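Visitor: I would like to learn how to read a structure feature by feature. Could you walk me through this one?

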Amino acid sequence: MEYTEIMVRYGELSTKGKNKRVFISILASNVKSALNQYPKVKVHANRDRMHLLLNGEDSTGVMKALKPIFGIQNVSPSIKIPKTTDAIYQTAVAMMTEVYQEGQSFKVNTKRSDKMFELDTNELNREVGHQVIQAIPSIGVDMKNPDITLRVEIRPDGAFLSCETIKGAGGLPVGSSGRGMLMLSGGIDSPVAGYLGMKRGVKIEAVHFHSPPYTSVHALNKAKDLTVKLVPYVGSIQFIEVPFTEIQEEIKKQVDEGYLMTVTRRFMMRITDRIREKRKGLAIINGESLGQVASQTLHSMIAINEVTTTPIIRPVVAMDKSEIIEIAEKIDTFDLAIQPFEDCCTIFAPPKPKTKPRLDRTLDFENKMDVEGLIERAVAGIKISEIQSGQQYLAGDAEEFDDLL
C-alpha cells in the first residue's frame with residue numbers, strides 16, 4: 001500500500017489547555033528536524049493531531065524517524081482518496097486484504113468532520129465493514145478488542161483510511177521544559193538520565209570532564225558515541241568537553257584520600273553550574289542512583305550540592321541497577337557504556353571513600369586550593385562540539401566558547 005500521509009497523535013499534549021499550542025509548535029519543530037532527510041514531507045500541526053503529507057517520500061523511513069521523538073503518542077500511516085463511497089470501499093478492502101492474517105478480527109472506526117457526506121458515521125461503519133466481510137469471509141468482528149482497527153476519516157479535502165497504529169515515544173517534546181546540563185560520564189547511568197530528562201521535555205547539553213593523559217582519547221570518543229545514541233530523540237546535542245587534569249592533580253595533592261571523590265564532584269558541580277549559567281540552562285541533570293556508590297549517599301549528595309542552588313535532577317535516583325540497565329539496553333547505550341575506558345570519576349578513586357563526608361572538613365581541604373582560579377582555567381579550555389545524527393562532529397575550541405553562548 002502506497003501511503004500518502006502519516007497521522008500523528010499527541011497523547012499527553014492533549015491535556016495542556018491554554019499552553020497546548022506552544023507544546024505542539026515545539027513538537028512540530030522537532031519533527032521537521034528529525035525528517036531533514038525527507039525534504040518533501042510537509043508538516044501540518046493542528047490542535048488535535050499532526051498530519052505529515054508524504055508527497056512521495058518513503059512512509060517506512062519516515063515512521064522510523066518519528067519513533068524516538070518525544071511528545072508523540074502514536075502514528076498511523078494513511079492514504080488519501082477521493083471522497084466517494086466506491087473509492088472508500090475499494091481502498092478499505094485492498095488495505096485489509098494486505099494486512100489480514102488468518103484468525104484475526106477487525107472493526108471500523110469512522111470520524112466524519114465533513115457533515116455533508118452522504119453517509120453518517122454509523123452508516124459508514126456498517127457499509128465499510130460489510131464490504132470487508134464480503135471480501136474476506138474468514139475475518140472476525142470484535143468491537144472491543146479487535147486485532148485490526150480500520151480507521152476512516154471524512155474531511156473536507158478528502159477521505160483518509162488507515163489500519164495500522166504504531167506506538168510512539170510518549171512524554172513531552174524536547175525543549176518544552178527548558179534546557180539542562182547533563183553531567184555525562186562514560187558509564188551506564190548518565191546516558192539513561194539524559195534520555196529520561198529529554199522524555200520530560202528537557203533539551204540537554206552534555207558536559208563531559210576529560211583528564212588527559214590519565215583519561216585517553218578513547219574515553220572521550222566513548223562519551224561522544226554515547227551522545228550520538230541520544231541524538232535521535234532531539235536532532236542535535238551540544239557536547240561540552242571540560243579539561244579537568246589540573247584540578248584533579250591539585251585535588252590529589254591537597255585532599256585526604258577519603259575526601260577525593262567528594263571534592264572532585266564538588267568541582268564538577270561548580271563548573272557545570274558555571275556552564276549552565278552562561279548557556280542559560282535551568283537545571284543540572286546527572287545519573288546518580290541513591291546508595292549505588294560512596295558519592296551517591298544522601299550525606300555525600302548534601303556535601304556536593306552545597307556548592308550550588310541550581311536544581312539537580314536525578315531521573316534514576318530511585319532505580320535499581322537492573323532497571324537502569326534495562327533502559328540502557330533499550331536506547332542502545334549499554335554496550336558502549338561497559339567498554340573499559342577510564343573516566344574522571346574512576347582514575348583517582350580511593351579504595352575507602354567517605355560515605356558520610358563532613359562539610360567542614362571538605363571546606364578545609366578546598367581552602368588550601370585556588371578554587372576560583374582552577375574553575376576559570378577549566379572553563380577557558382572548554383571545547384564544544386555539535387553532534388548531529390548522521391553527521392561528523394563540528395568541533396569548536398576554547399576561543400569559540402563565548403561565540404556559542
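Visitor: Let me begin with a single residue: where is E164 placed?

Guide: This is a predicted model, and in it E164 belongs to the loop between β8 (158-162) and β9 (166-170).

Visitor: Is E164 buried, partly exposed or exposed?

Guide: The general idea is to look at relative accessible area, where the middle class runs between 20% and 50%. E164 has 35% relative accessibility, so it counts as partly exposed.

Visitor: Which residues is E164 in contact with, once its neighbours within four places in sequence are left aside?

Guide: Those contacts are Y3, V75, S76 and P77. Spacing in sequence and in space can also be set side by side: E164 and T110 are 54 residues apart in sequence, and their C-alpha atoms are 14 Å apart.

Visitor: Let me step back to the whole chain. What should I read there?

Guide: Start with the inventory: the secondary structure comes to 14 helices and 16 strands. The C-alpha atoms fill a box of roughly 85 × 40 × 40 Å along the principal axes. Of the 405 residues, 52% count as buried. The accessible surface is about 19,100 Å², and 49% of that belongs to carbon and sulfur atoms. As for contacts with a separation of 6 or more, 77% are between residues 24 or more positions apart.

Visitor: How do I judge whether a helix is enclosed or exposed? Take α2.

Guide: Count its buried residues. In α2 (59-66), six of the eight residues are buried, so this helix is largely enclosed by the rest of the structure. The buried ones are S59, G61, V62, M63, A65 and L66. Their cover includes the strands β1 (5-9), β3 (49-53), β4 and β9, along with helix α1 (20-34).

Visitor: Now for the rings: how many aromatic pairs does a search of the whole structure find?

Guide: The search finds five aromatic pairs. One of them joins F70 and Y233, which are stacked, with 5.4 Å from centre to centre and 15 degrees between the planes. This pair links distant parts of the chain, 163 residues apart: F70 is in the loop between α2 and β4 (72-81), and Y233 is in the loop between α6 (217-230) and β12 (236-243). F70 is buried at a relative accessible area of 1%, and Y233 counts as buried too, at 14%.

Visitor: Why is the pair of Y195 and Y233 called edge-to-face?

Guide: The angle between the planes decides, and over 60 degrees is the cut-off. The ring planes of Y195 and Y233 stand at 75 degrees with centres 5.2 Å apart, so the pair is edge-to-face. Here again distant parts of the chain are linked, with Y195 in helix α5 (residues 189-199) and Y233 in its loop between α6 and β12, 38 residues apart. Y195 counts as buried at 5% relative accessibility. Together, ring pairs link F70, Y195 and Y233 into a cluster.

Visitor: Rings can also have a charge over them. Which residue has its charged end over the ring of F160?

Guide: That is R155, whose charged end sits 3.6 Å from the ring centre of F160. Another case is R270, which lies over the face of F267 at 5.4 Å from the ring centre.

Visitor: And what about opposite charges?

Guide: Side chains of opposite charge can pair when their charged atoms come close. The count here comes to 23 salt bridges. Among them is the one between E306 and R266, at 3.1 Å from N to O. E306 is in the loop between α9 (298-305) and β14 (312-313), while R266 is in helix α8 (residues 260-278), 40 residues apart. E306 counts as partly exposed at 40% relative accessibility, whereas R266 is buried at 0%.

Visitor: How does a salt bridge look inside one helix?

Guide: An α-helix has 3.6 residues a turn, so residues three or four places apart point the same way. D273 and R276 both lie in helix α8, three residues apart, and their side chains meet in a salt bridge of 2.6 Å, N to O. D273 counts as buried at 15%, and R276 is buried with a relative accessible area of 15%.

Visitor: Which residues are linked in a network of salt bridges?

Guide: The network links E5, D48, R49, K111, E153 and R155. R155 is also the residue over the ring of F160.

Terms used: Residues are numbered from 1 along each chain as its sequence is written. This is a predicted model: local features need pLDDT of at least 70, side-chain atom pairs count only at pLDDT 80 or more; totals for chains, interfaces and linings use all residues. Side-chain values use heavy atoms; hydrogens and water are left out. Rings of Phe, Tyr and Trp (its six-membered ring) pair if their centres lie within 6.5 Å; planes under 30 degrees apart count as stacked, over 60 as edge-to-face and the rest as tilted. Helices (H or I, at least four residues) and strands (E, at least two) are DSSP runs, numbered from the N terminus. Buried means under 20% relative accessible area, exposed over 50%, partly exposed in between (1.4 Å probe, protein chains only). A charge sits over a ring if NZ of Lys or CZ of Arg is within 6 Å of the ring centre and within 35 degrees of the ring normal. Contact means heavy atoms within 4.5 Å. Accessible areas come from the Shrake-Rupley method with a 1.4 Å probe; for residues, only the protein chains shown count as cover. A salt bridge is a side-chain nitrogen of Lys or Arg within 4 Å of a carboxyl oxygen of Asp or Glu.
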